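Grab your viewer and work through a few exercises on this structure. Each one sets a task and then walks through a solution.

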Amino acid sequence: MRYLISLLLLWSSFSLHAQHSTPKDQAFANYAKYLKQAKSVKDPIKLKAIEGFRAFYAHKGYRTHELKKTKKTAIYALTHIDASGRFTDLMSQENKLLTAGAFSKSTQYNEEINSYMTEVWARLWKVADAYKNKELFVGTTISSIYLKSILYYTQLELQRPQISQRFHSSCFMLPTSAVNMYFDMLPLMEEVEQGKSTNQLLMAVHDALMVIGLQAFSQPYRDDDTQNNLVSVERFRNHVWWVGGNAIGFRSLLPVAAMYRSIPMVDVLSTVFKSALSMTTPTTNSQTFWIEGITADGCGYGHGRQCLIWGYPISAILSATSNLSFLKGSPWAKQLDAGNKLTVLSYLRGASFHSVNGYRIPCLGRGSMMYKQEPSEIDYAPIVRTMLKDWQDSFTPQEISELKLLEKNMANKKIVMKGQPDGRYQGTRFFWANDNFAKKTTDFDIFVSMASIRVDGIESYPEKADGWNFNTCDGMTLFQREGNEYMQIFGLWNPLAAPGTTSRMGLDKLIPVKNWRGYVSKENFCGGVADGRDYGVAGYLFDKMNASDKEGTNDHGDNQGKNAILYGIRAHKAYFMLPDYMVALGAGITDSNSSLFDAEVHTTIDQTDWRQRVYTLDKEGHKQQINQGIHKWGTAEWVWQKGQFAYTVLPQYRDEAVIMLKKGKQDYVKMNPTNKELRDILPTKGQKLQLWINHGKAPQNASYGYAVYTGDDLPSAKLPFQILRNDSIIQAIQSENTVEAIFYQPDTALKMGSHVIKVSHSCVMMVRQETDGKTKLYLNDPTQDNKLEAIVVEIDGTSYSVKLPHDAHCGDVATDVIGQLFM
């Protein structure tokens, strides 16, 4: 244990302040505690396995792509260290931080320090990597200057206070650098551990790397009982920074366990990895293993209950499966149980609705406005390959065939999955744990992103990611055939005119803000049903709020009191899927803050790439091309973009409908600063088609109605549906053998000529005569009341009590076969 105190003996030589630092003392106390714990558990078979892990990391490293976080070479780094261990070319920046006392302050300089320490430790790692690869220090001992540098930047890190905001570098990059440096110098580290080294600097460096490595378990600080038991399953639960990708996706956990030779660490981690392959929902969130991760509707949460399906959830599932694969053949090997397998398959199926031909749906994360020139393989591809490579024994032959077919589809960048059941990979689907509604076919994709108080919006981070994610969950409705229709015009994008949203105009009054929870609706009302094929209906009650204002939110960003232009609009919004059509209805649109803003309220139908000629179509189908400019709807029946979609506004709203074709200079960097790295390929000019309905200033109980035609040919002037009702109580349409409706209030009735439908509870409902002649009732409780046993639907005096799903499936669709249709 003599090397344990060696860093303390040398500390005064490198410390910037004479007084003792509580964070430093706690760091060394944890080091001693968990090293002792590791030494106290003896199991020859497990210890032998850990020695194998150590050999693997010494050869392969871990998360080595992180080395790219510095552009400096190992030679450059080594030759820019002075006698005290400091990087000379960074002194000016560091001195400013030191003068300001930044390293001992809580949050004011957190981001600047994160960036600085990431660069420093990436350089230190590069030198160690070059040492391992015999590119430096060949035929000589390792440089004392380099060792002093490790000690200097260790003590700098250990000055930082123990606060929850100590994130990301302290728990991700620095421990990753430290464990890789340890294994890059493994022969030297083992000399220290075996008592063979007399090099005081090397002994101190060993301790320093052990201390910094342990930060994968200790940082950020949690003010709860897990602070006293870092090596526990509970440590990786019930906190936004300790679940999902933040828990196991970006932390170098197994390498730290191998560094410590800690059987207890690997015991805990193997349990966490397996438990991570489970699902959560808004109803069960407080009982499930994780409050984030994969959701039971086939989607996923990250940073709270955001639908970050391609972000933190996929990082977690990839890390869990890859680490479980790594543990195969060891004493910690585990099989995937039925729940693990269902989680993976459910995610793969649901995630497929969130990608179009190799492009992500652009409303599912803070990187939506990053430009992408070409389609790429779907993000979950590594999961599919891992399942087929390492876990075929966990799946049935039928499931293996599904995974192999999915692998073939991935190669074509188009997920079709012929022969799979309706609604699994294509068709209509409502994601009840995420408030999303989708229709996916081989020809087109429609995606509706709604909101409720149950979930969170999409985050913004203007310094390093999207800064304008204000309306992405306000009923944003995207129509795509190729997958890049919106990406091509994000440099011209008006964030207040996201397709499908109802918003007060005033872009000049909007500023980008940091918001880790996005924007939601105040109301607990969002629901939907779908038959998995062509039909479905979904809707929600819109009353915008900042999700950072929710009770219990601990990461508010810098958005408080800003962008008042966003708030005060209330609306009932509904979306109906039919073969070749999507119908959108809005009702009860009211501006409660009209006295504060002299601004119009618009419902945007679409804001998309103008990539082919645009025409108006009259009742006889005659075409007239539209040119650049702003045009009134006039007498047009349809507006059609060749090769894309056609749009119609219901007659009573056409006087307020507007068409705009606009060309202009694109500014992608404004929307997301990371686009500056893509300047060579960014489109500099763009052109867009934008359509909207103008509700005027200070609307009170206004409404709208429009439809989008998805067929390949020209649409007919006669619509294949009729509006039954569109107000704040019921929104409903009827097409020949289908009724789709949203009942916002209980004990309300929908009349259709001589027929009447009554419901006992607010609900989303579809009644449809199927091809087999049977009539099927689809029902959903948009309030997700887990205590509600059933909803009674009365049709022409005959009552049907439909039992609702509960617990993990509360909010999912309920169905019942009810006999002959009355229409």
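**Exercise 1. Place Pro220 and describe the peptide bond before it.**

Start with the location: Pro220 sits in the loop between α10 and α11. Keep in mind that you're looking at a predicted model. Next, check omega for the bond joining Gln219 and Pro220: the value is about -5 degrees, and the bond is cis. As background, most peptide bonds are trans.

**Exercise 2. Find residues other than glycine with a positive phi, and say where they lie.**

One of them is Arg63, with phi at about 50 degrees. Arg63 belongs to the loop between α3 and α4 (74-79). Another is Asn563, where phi is near 60 degrees. Asn563 is in the loop between β13 and β14. Is Asn563 buried or exposed? Its relative accessibility is 6%, so Asn563 counts as buried. For context, most residues other than glycine have a negative phi.

**Exercise 3. Work out what the ring pair Phe217 and Phe236 ties together, and classify its geometry.**

Step one is the count: searching the whole structure turns up 38 aromatic pairs. Step two is the geometry of this pair. The centres of Phe217 and Phe236 are 6.0 Å apart and the planes make an angle of 80 degrees. Planes over 60 degrees apart count as edge-to-face, and that is the class of Phe217 and Phe236.

Step three is the sequence. Phe217 lies in helix α10, while Phe236 is in the loop between α10 and α11 (244-249), so the pair ties together parts 19 residues apart. Step four is burial: Phe217 has 0% relative accessibility and therefore counts as buried. Phe236, also at 0%, counts as buried too.

**Exercise 4. Do the analysis again for Tyr519 and Tyr567.**

Here the centres of Tyr519 and Tyr567 are 6.5 Å apart, with 50 degrees between the planes, and the pair is tilted. Now look along the chain: Tyr519 is in strand β11 (residues 519-521), and Tyr567 is in the loop between β13 (536-546) and β14 (569-578). That puts the partners 48 residues apart, and the pair links distant parts of the chain. Check the accessible areas last. Tyr519 is buried at 2%. Tyr567 has a relative accessible area of 19%; the cut-off for buried is under 20%, so Tyr567 is buried.

**Exercise 5. Find charged side chains over ring faces, then name the members of a ring cluster.**

Take the charges to begin with. Arg251 lies over the face of Trp242, at 3.7 Å from the ring centre. Lys623 does likewise with Tyr615, at 4.9 Å from the ring centre. As for the cluster, ring pairs connect Phe53, Phe56, Tyr57, Tyr62, Tyr182, Phe183, Phe326 and Trp332.

**Exercise 6. Describe the surroundings of Ser177, going from the residue to its helix.**

Ser177 is in helix α8 (residues 173-184). Its relative accessibility is 0%, so Ser177 counts as buried. Ignoring neighbours within four places in sequence, Ser177 contacts Trp121, Ala122 and Trp125.

Zoom out to the helix. α8 has 12 residues and reaches 16 Å from its first C-alpha to its last, close to the 16 Å expected. How many residues of α8 are buried? It's 12 of the 12, so α8 is largely enclosed by the rest of the structure. Finally, look at its packing partners: the buried residues of α8 pack against α3 (44-60), α6 (110-132), α7 (144-157), α9 (186-193), α10 and α12 (253-260).

**Exercise 7. Find the largest nonpolar core and its best-connected members.**

This core has 242 residues, and Trp121, Tyr146, Tyr347 and Tyr380 touch the most other members. Helix α10 (residues 200-218) supplies the largest share of this core, 13 residues. Now pick Tyr380 and skip its neighbours within four places in sequence: its contacts include Trp310, Ile314, Tyr347, Leu348 and Met410. A second, separate core has 24 residues, among them Ile791, Val793, Tyr800 and Val802.

**Exercise 8. Check the span, start and burial of helix α13.**

α13 (residues 263-276) has 14 residues and reaches 20 Å, close to the 20 Å expected. At its start, a side-chain oxygen of Ser262 reaches to within 3.0 Å of the backbone nitrogen of Met265. For burial, 11 of the 14 residues of α13 are buried, including Ile263, Phe273 and Lys274.

Technical notes
Residues are numbered from 1 along each chain as its sequence is written. This is a predicted model: local features need pLDDT of at least 70, side-chain atom pairs count only at pLDDT 80 or more; totals for chains, interfaces and linings use all residues. Side-chain values use heavy atoms; hydrogens and water are left out. Helices (H or I, at least four residues) and strands (E, at least two) are DSSP runs, numbered from the N terminus. The expected span of a helix is 1.5 Å times one less than its number of residues. Buried means under 20% relative accessible area, exposed over 50%, partly exposed in between (1.4 Å probe, protein chains only). A polar contact is a pair of N or O atoms within 3.5 Å; within protein, one must be able to donate a hydrogen and the other to accept it, and residues adjacent in sequence count only if both atoms are side-chain atoms. A nonpolar core is a set of buried Ala, Val, Leu, Ile, Met, Phe, Trp, Tyr and Cys residues joined through side-chain atoms within 4.5 Å. Contact means heavy atoms within 4.5 Å. Rings of Phe, Tyr and Trp (its six-membered ring) pair if their centres lie within 6.5 Å; planes under 30 degrees apart count as stacked, over 60 as edge-to-face and the rest as tilted. A charge sits over a ring if NZ of Lys or CZ of Arg is within 6 Å of the ring centre and within 35 degrees of the ring normal.
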